[in-house]
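Q: Please take a close look at one part of this model, the pairing of two of its strands, and then follow the chain outward from there. What can be said about the surroundings, residue by residue?

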Amino acid sequence: MNARTTRTLAAALSLTAALAISGCSSDSDSASASGDAPKLTVSGGYMPEPVNDQMAGAFMVIKNDSKTADKLTGATSTLSDDLQIHETKDQKMQQVQSMDVPANGELKLERGGSHVMFMGLKNTPKVGDKVTVELRFEKSGPVKVELDVKERTYKAPTSTDGTAH
């Protein structure tokens, strides 16, 4: 195969992928139009002040007040071009492609557990700053969240039933 054929094939595959993705999005649009889309809210969002510009974690609670489960599939922010979804199992952090947001339930992103990880920060936010992140879901539309930058030792308060505020 010559270079021109390779470029043509790559462009055709890119176009096919884009069409497939846009076709999938119409399914979620019809779900929201019929009222079946998950109803997600986010609370308690914060980021401990990063030690350096290498990485930072984000923590929050994503609540789903509907009968339809969803999945957190990604996040974007102007603070970093590389946001990852991480889980902690057996005291080891690992990247995952998605996390379940159960129907009539919640996904807790908390210290020592699941979280959003910012890799390669463009700057280092300080206590009192706000960081905007857009969460992406399999079925729901994107949700913008403002994270408060807190002290490095900050721990989210919990209610009497153990859930974060």
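A: In this predicted model, strand E2, residues 55-64, pairs with E7 in the antiparallel sense, and five bridges join the two. Within this pairing, Ile62 stands opposite Leu107 of E7. Strand E7 itself covers residues 105-109, and its side chains alternate. Gly105, Leu107 and Leu109 point to one face and are buried, while Glu106 and Lys108 point to the other face and are not buried. In a regular strand, side chains alternate between the two faces of the sheet. Leu107, the partner of Ile62, is therefore on the buried face of E7 together with Gly105 and Leu109.

E2 also takes part in the largest pocket, where it gives the most to the lining, with four residues. The space in this pocket comes to about 240 Å³. Its lining has 14 residues, and the closest to the pocket centre are Pro48, Ala56, Gly57, Phe59 and Arg111. Two elements, E2 and strand E8 (115-119), give two or more residues to the lining. By residue class, the lining of the largest pocket divides into seven nonpolar, four polar and three charged residues.

Just before E7 comes the loop that links strand E6 (99-101) to E7, and Asn104 lies in this loop. Asn104 is not a glycine, yet its phi is positive, at about 50°. The relative accessible area of Asn104 is 57%, so this residue counts as exposed. Another loop, between strand E4 (82-89) and strand E5 (92-96), holds Gln91. Gln91 is also a residue other than glycine with a positive phi, here near 60°. With a relative accessible area of 81%, Gln91 is exposed.

Strand E4 contains His86. Its relative accessible area is 5%, so His86 is buried. Not counting residues up to four places away in sequence, His86 touches Met93, Gln94, Gln95, Met99, Gly113, Ser114, His115 and Met117. Within its own stretch of chain, the His86 side chain makes a polar contact of 2.7 Å with the side chain of Gln84. From His86 to Gln97 the separation is eleven residues in sequence, and the C-alpha atoms of the two are 8.6 Å apart in space.

Further along the chain, Ser140 lies in the loop that runs between strand E9 (130-137) and strand E10 (143-150). Unlike the exposed loop residue Gln91, Ser140 is buried, because its relative accessible area is 12%, under the 20% limit used for that term. The side chain of Ser140 has two polar partners to report. One is the side chain of Asp70, with which it makes a polar contact at 2.6 Å. The other is the backbone oxygen of Pro38, which the Ser140 side chain reaches at 3.4 Å. When neighbours within four places in sequence are left aside, Ser140 is in contact with Pro38, Leu40 and Asp70.

Conventions
Residues numbered from 1 in each chain as written. Predicted model: local features only at pLDDT ≥ 70, side-chain atom pairs only at ≥ 80, totals over all residues. Heavy atoms only, no water. Buried < 20%, exposed > 50% of the residue type's maximum accessible area, 1.4 Å probe, protein only. Pairing = 2+ DSSP bridges. 1 Å grid on protein atoms, 1.4 Å probe; cavity = no way out; pocket = protein on both sides within 12 Å on 5 of 7 lines; lining within 4 Å. Points joined across faces, edges and corners; volume = space filled by probe spheres on them. Nonpolar A, V, L, I, M, F, W, Y, C, P; charged D, E, K, R; others polar. Polar contact = N/O pair within 3.5 Å; in protein donor to acceptor, adjacent residues only side chain to side chain. Contact = heavy atoms within 4.5 Å.
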